[in-house]
Each structure stands twice: as structure tokens, then as C-alpha cells.
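The report below works through a single protein chain, moving between its helices, its charged pairs and its surface. Please keep the sequence and the coordinates at hand while reading.

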Amino acid sequence: MVTSMTGYGRARSAADGREITIEIKSVNSRYFEYSSRMPRAYAFLDDKMKQYLAGRLARGKVEVALSVINTGVADSVVTVNEALAESYLTALHSIAEKLGVREDVSAVSIAKFPDVLTLAKAEEDEDALWNSVLSVLAEATDRFIAMRAGEGERMTADITSRLSFLEESVGKIEATSGERVQKYTDRLYEKLKTLLEDRAVDESRILTEAAIFADKTAVDEETVRLRSHIQQYREILAAGGPVGRKLDFLTQELNRETNTIGSKCQELTITRMVVDMKAEIEKIREQIQNLE
């Protein structure tokens with residue numbers, strides 16, 4: 001399976017007094033890059049989530065958003081500093097006696113003094129929480145990968161059709177290249193015949209010049225390599241997995257061989273075919289930049 005590097009996946013679960021939501025999205029990158037957004041209280045989960053995704057993804061700039069809402073249990077607890085409360089109460093008694101005023105003290109009034117009550121985060125069972133988050137993360141990742149796979153399938157179909165065009169063009173160049181030497185020989189013969197007028201044309205000289213021309217402009221090696229690269233392209237796509245880097249190298253080779261054919265053959269028909277081939281190779285290059 002060939003996958004794209006762009007995708008999106010979301011999953012949600014409400015169980016055990018928690019509502020957990022995870023969103024995953026990614027764009028192109030040469031390597032696997034991870035970033036996350038989550039409440040600070042759950043930062044201890046970040047490295048585990050990164051390791052999980054690194055085990056399932058090869059490339060892409062991946063961003064994960066985690067939301068945890070406690071619906072059935074309190075996520076914070078209130079603690080009482082009893083010693084401090086007693087100290088405040090003793091001080092209030094002393095003030096009332098010395099000033100001769102009525103003592104009007106309640107638990108509510110004492111609770112309003114600084115640091116008597118403290119709000120703290122309730123202790124979490126980290127293993128249980130991770131298991132809950134992992135379940136949601138796995139579901140979100142499955143959907144994320146499924147979207148990437150669908151996009152990868154469409155891109156593979158497009159690349160395959162362009163490879164077929166390149167292969168057809170190679171066949172036309174091979175056919176045209178064979179005719180090109182004979183046309184050159186005929187033109188050379190006619191040119192010499194006109195220049196020499198009544199004198200005899202040296203047939204051996206013409207054959208020698210034609211042989212030199214054929215050697216300089218031969219593209220057999222280039223077309224053979226092009227066919228080989230196209231076949232390798234198809235095999236890599238069929239094998240699936242992370243293929244982007246391999247195909248990037250092969251695309252450079254396709255472009256190199258095509259450029260060489262263009263520089264060797266100055267005939268208009270072949271030049272036009274080379275221009276069309278380079279346009280298709282550039283479109284292939286744009287596609288594989290999105291492949292994992």
C-alpha cells in the first residue's frame with residue numbers, strides 16, 4: 001500500500017468518567033516530525049504518543065491534539081490546612097478578648113483566609129489513563145492512515161498513467177531514431193551530389209560520415225535505461241510501503257536520460273517528444289513529493 005503524507009484522522013471516546021478526543025493531521029516532510037497540543041497536566045503522555053505514531057508512520061509532519069475532559073470524577077480536590085485554620089481561629093479569639101468585641105467566627109469566614117483551602121489536581125492512575133488514550137489514539141491513527149491510503153491510491157493511478165505515456169514515447173523515439181540515420185545519409189548524399197555536380201560521389205565517405213553521425217546521436221543506451229527505470233518505478237509502487245525517497249531518485253534518473261536524448265537528437269519530432277516527456281516527469285515529481 002502506497003500512502004500520501006497528507007491526511008486527517010479523529011476519534012473520540014467517553015468511558016470511565018472521561019471524554020477523550022484525539023485529532024491527527026499531517027503535511028509533507030522529508031522525515032517524521034511530531035508536534036502536539038494537550039493540557040499541561042497530561043504532558044506525561046506526550047512521549048508515549050510520539051513513540052506510538054513513530055512506529056506506524058515513516059514520514060510526514062504530524063500534529064496531534066489531545067483533549068481530556070473528566071465527566072464522572074473530579075479532576076481537582078480541595079485540601080484543608082487544619083493547623084493554619086486553628087491558628088487563624090486562635091488569633092480571632094485573642095482579638096475579640098482584647099478589643100472587647102463580639103466574636104463572630106464561622107467556618108466560611110476562616111476558609112476565606114489565605115492558604116486555608118488549597119485546590120490541587122486529583123491523582124491520576126497514569127497507566128489506566130494511558131490505556132484509555134491509547135485506544136482512542138489507535139482508532140484516530142487507523143482513520144488517519146486510511147485517508148492517507150486513499151489519497152496514495154489516487155496518486156499511484158495518476159503516476160502509473162504517466163509512466164505509460166513515457167513508455168509509449170520511448171517506443172516512438174526508438175522508431176524515429178532508426179529512420180533518422182537514413183534521412184541524414186540521404187541528405188548528405190544529395191548535398192554532395194549538388195556540390196560535386198558531374199563528379200562521382202564517394203560512397204564510402206558518405207557511409208563513414210553516416211556511421212559517425214549514428215554513433216554520436218545513438219540513444220539506444222538511454223532508451224534501454226528509461227525502460228528499466230519505468231519498470232523499477234512500477235515494481236516499487238506495487239510493493240508499497242514508504243516509497244517516496246526511492247521514487248525521488250528514480251525520477252531524477254528519468255529526467256537525466258530524457259535530457260540526454262534531447263541533447264543528442266536535434267530532430268524536431270524527437271525534440272517535441274522530449275519536451276512532452278519532461279513535462280510528464282515534472283508532474284510525476286510533484287506527485288511523489290506527497291508520497292510517504
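## Helix H8 and its two sides

The face of H8 that is turned away from the buried side of this helix carries Leu-268, Arg-272 and Val-275, which are exposed. The model under discussion is predicted, and this should be kept in mind for every value that follows. The buried residues of H8 are Ile-270, Met-273, Val-274, Met-277, Glu-280, Ile-281, Ile-284, Gln-287 and Ile-288. Viewed down the helix axis, these buried residues of H8 fall within an arc of 130 degrees, so they line one face of the helix.

The length of H8 can be checked against its residue count. The helix covers residues 268–288, and its 21 residues, at 1.5 Å a residue, should span 30 Å; the C-alpha atoms at the two ends of H8 are 30 Å apart, in agreement with that expectation.

## A salt bridge within H8 and its network

Within H8, the side chains of Glu-280 and Lys-283 meet in a salt bridge, with an N to O distance of 3.7 Å. Because Glu-280 and Lys-283 are 3 residues apart in helix H8, about one helical turn separates them. Glu-280 counts as buried at 12% relative accessibility, whereas Lys-283 is partly exposed, with a relative accessible area of 36%. Salt bridges with shared partners join Glu-280 and Lys-283 with Asp-158 and Arg-162 into one network.

## Contacts of the neighbouring helices

Is Thr-258, a residue of helix H7, buried or exposed? Thr-258 has a relative accessible area of 1%, so this residue is buried, the cut-off for that class being under 20%. Helix H7 itself comprises residues 244–264. Leaving aside residues up to four places away in sequence, Thr-258 touches Leu-226, Val-274, Met-277, Lys-278 and Ile-281. Among these partners, Val-274, Met-277 and Ile-281 also belong to the buried residues of H8.

His-229, which is found in helix H6, is likewise buried, with a relative accessible area of 10%. Again not counting residues up to four places away in sequence, His-229 touches Leu-250, Glu-253, Leu-254 and Glu-257.

## Salt bridges between separate elements

The structure holds 18 salt bridges. As a general matter, side chains of opposite charge can pair when their charged atoms come close. One of the salt bridges joins the side chains of Arg-37 and Glu-63, at 3.1 Å from N to O. Arg-37 lies in strand S3 (residues 32–37) and Glu-63 in strand S4 (residues 60–70), so this pair ties together parts of the chain that are 26 residues apart in sequence. Both partners are partly exposed, Arg-37 with a relative accessible area of 46% and Glu-63 with a relative accessible area of 26%.

A further salt bridge is formed where the side chains of Glu-174 and Arg-227 meet, at 2.9 Å from N to O. Here Glu-174 lies in helix H4 (residues 126–196) and Arg-227 in helix H6 (residues 220–239), so the parts that are tied together are 53 residues apart in sequence. Glu-174 is partly exposed, with a relative accessible area of 33%, and Arg-227 also counts as partly exposed, at 31% relative accessibility.

## A nonpolar patch on the surface

Which residues make the nonpolar surface patch of about 270 Å²? The patch is made by Val-78, Val-80 and Leu-117. Leu-117 is found in strand S6, which runs over residues 117–121, and at 43% relative accessibility this leucine counts as partly exposed.

## The chain as a whole

The secondary structure of the chain comes to 8 helices and 6 strands, and, read along the sequence, these elements follow the pattern β-β-β-α-β-β-α-α-β-α-α-α-α-α. The chain has 292 residues, of which 34% count as buried.

When contacts between residues at least 6 apart in sequence are considered, 79% of them join residues at least 24 apart. The area that the chain exposes is about 17,200 Å², and carbon and sulfur atoms supply 51% of that area.

Definitions and conventions: Residues numbered from 1 in each chain as written. Predicted model: local features only at pLDDT ≥ 70, side-chain atom pairs only at ≥ 80, totals over all residues. Heavy atoms only, no water. Helix = DSSP H or I, 4+ residues; strand = E, 2+ residues; numbered from the N terminus. Buried < 20%, exposed > 50% of the residue type's maximum accessible area, 1.4 Å probe, protein only. Contact = heavy atoms within 4.5 Å. Patch = residues over 30% accessible without salt bridge, like charges linked within 9 Å, V, L, I, M, F, W, Y side chains within 5 Å. Areas by Shrake-Rupley, 256 points an atom, 1.4 Å probe, with all protein chains shown as cover. Salt bridge = Lys/Arg side-chain N within 4 Å of Asp/Glu carboxyl O. Expected span 1.5 Å × (residues − 1). Arc of directions from axis to C-beta.
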